[in-house]
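Hi,

Here is the structure I promised to pass on. Have a look at it first, and then read my notes below.

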Amino acid sequence: MADKVVKREPKAQATKGPKVPQPSLISIIVKGLWKENPGLCQLLGMCPLLAVTTSAASALGLGIATILVITLSSLIVSLLRTFILREVRIPIYVLLIATIVTVVCFEVEAYYPKLYQQLGIYLALIVTNCIIMGRAEAFAGRHGPLASTVDALACGIGFTAVLFVLGAVREILGSGTFFVGAADLLGPWAQSLEVHLIDGSHTYLIAILPPGGFFVLALLIALKNALDQRARDRAQKRMRIPSINV
């Protein structure tokens, strides 16, 4: 009896979706500091950005607190991302961020009471800062701990830089001083950084009022857009092929 040849069909292999390329750490840093700066590009955190930046010291203090909260929250979310159910991720993120903000508020109130009085309710309102929730949802919940920490640090430092520059400009124009209150934030050694630049009769009160915050922020955004446009123009000029006249 002739043996029957049984043809076995190859097993269907599980189709895997295309792998999402992981961004490099350099690109993450550049995006957080400049290309996608939360304060100048995404326009997030506008409430503290305009309310606390009447002086450089208070702006720097809120920026440091924001860096701590966004870094710790992104790191913890990234470590726990495989255990957090997608349906309840937002309440868990809010609870986590609120816990970290509470600890930071207690530390600032205990060790920097004058800064705590200057920041007031805006220190506690870091919980509602869209930057922190946005990084947790858009990046930390989808990437590893290292990339998430670098992303959080870059966004936090970029936001703090905008806070500090905005606060410094408004303080100089509105009060004629620079970095007054630095000793309350950095210690007695920083008292030498407090400078009186302009006489009080030559200052502009509007600079430390809410409209002044909008004006200075608009100028910073315009400056960034001008620098970006200049960089694009230079890149286009380098890509052009010079014409040869025959």
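**The nonpolar patch**

H1 supplies the largest share of the nonpolar patch, namely five residues. One thing to keep in mind as you read: this is a predicted model. The patch is on the surface and covers about 750 Å². Its members are Ile-26, Ile-29, Val-30, Leu-33, Trp-34, Leu-153, Ile-157, Leu-223 and Leu-227. Three helices each give at least two residues to it: H1 (25–35), H8 (145–175) and H10 (210–239). If you want one residue to start from, try Leu-33, which lies in helix H1. With a relative accessible area of 37%, Leu-33 is partly exposed.

**The overall picture**

Stepping back, the protein has 10 helices and two strands. Along the sequence they come in the order α-α-α-α-α-α-α-α-β-α-β-α. The protein has 246 residues, and 37% of them count as buried. About 15,600 Å² of the protein is exposed, with carbon and sulfur atoms supplying 67% of that area. I also looked at contacts between residues at least 6 apart in sequence: 75% of these join residues at least 24 apart.

**Helix H3 and its end**

Helix H3 takes in residues 56–79, which makes 24 residues. From first C-alpha to last, H3 reaches 34 Å, close to the 34 Å expected at 1.5 Å a residue. How many of the residues of H3 are buried? The count is 18 of the 24, so H3 is largely enclosed by the rest of the structure.

Ser-78 is worth a click here; this residue is found in helix H3. Ser-78 counts as buried because its relative accessibility is 0%, and buried means under 20%. Leaving aside residues up to four places away in sequence, Ser-78 touches Ala-140, His-143, Gly-144, Pro-145 and Ser-148.

Another pair to look at is Leu-79 and Leu-146. They are 67 residues apart in sequence, while their C-alpha atoms are 9.9 Å apart in space. Leu-146 lies in helix H8, and at 58% relative accessibility Leu-146 counts as exposed.

**Salt bridges**

Side chains of opposite charge can pair when their charged atoms come close. There are four salt bridges in the structure, and here are my notes on some of them.

Arg-89 and Glu-137 meet through their side chains, at 3.0 Å from N to O. This salt bridge links distant parts of the chain, with Arg-89 in helix H4 (residues 89–111) and Glu-137 in helix H7 (residues 130–140), 48 residues apart. Are the two partners buried or exposed? Arg-89 is buried, with a relative accessible area of 19%. Glu-137, with 22%, is partly exposed. The cut-off for buried is under 20%, so Arg-89 at 19% falls on the buried side, while Glu-137 at 22% does not.

Lys-114 has a salt bridge with Asp-184, and their closest N and O atoms are 4.0 Å apart. Here too the pair links distant parts of the chain: Lys-114 is in helix H5 (residues 113–119) and Asp-184 in helix H9 (residues 182–186), 70 residues apart. Lys-114 is exposed, with a relative accessible area of 52%. Asp-184 counts as partly exposed at 29% relative accessibility.

Asp-228 and Lys-224 also meet in a salt bridge, at 2.6 Å from N to O. Both of these residues lie in helix H10, four residues apart, which is about one turn of the helix. Lys-224 counts as buried, at 5% relative accessibility.

**What the UniProt record says**

An unreviewed UniProt entry lists residues 56–80, 92–113, 119–138, 150–169 and 204–223 under "transmembrane region". I checked two of these spans in the model. For residues 119–138, the end C-alpha atoms lie 28 Å apart, and the span is 70% helix and 0% strand. For residues 150–169, the end C-alpha atoms also lie 28 Å apart, and that span is 100% helix and 0% strand.

Happy to go through any of this with you.

Cheers

Key
Residues are numbered from 1 along each chain as its sequence is written. This is a predicted model: local features need pLDDT of at least 70, side-chain atom pairs count only at pLDDT 80 or more; totals for chains, interfaces and linings use all residues. Side-chain values use heavy atoms; hydrogens and water are left out. Patches are made of residues with over 30% relative accessible area and no salt bridge: like charges are joined within 9 Å, nonpolar side chains (Val, Leu, Ile, Met, Phe, Trp, Tyr) within 5 Å. Accessible areas come from the Shrake-Rupley method with a 1.4 Å probe; for residues, only the protein chains shown count as cover. Buried means under 20% relative accessible area, exposed over 50%, partly exposed in between (1.4 Å probe, protein chains only). The expected span of a helix is 1.5 Å times one less than its number of residues. Contact means heavy atoms within 4.5 Å. UniProt positions are given in the numbering used here, feature names are shortened, and annotations may be inferred rather than shown by experiment.
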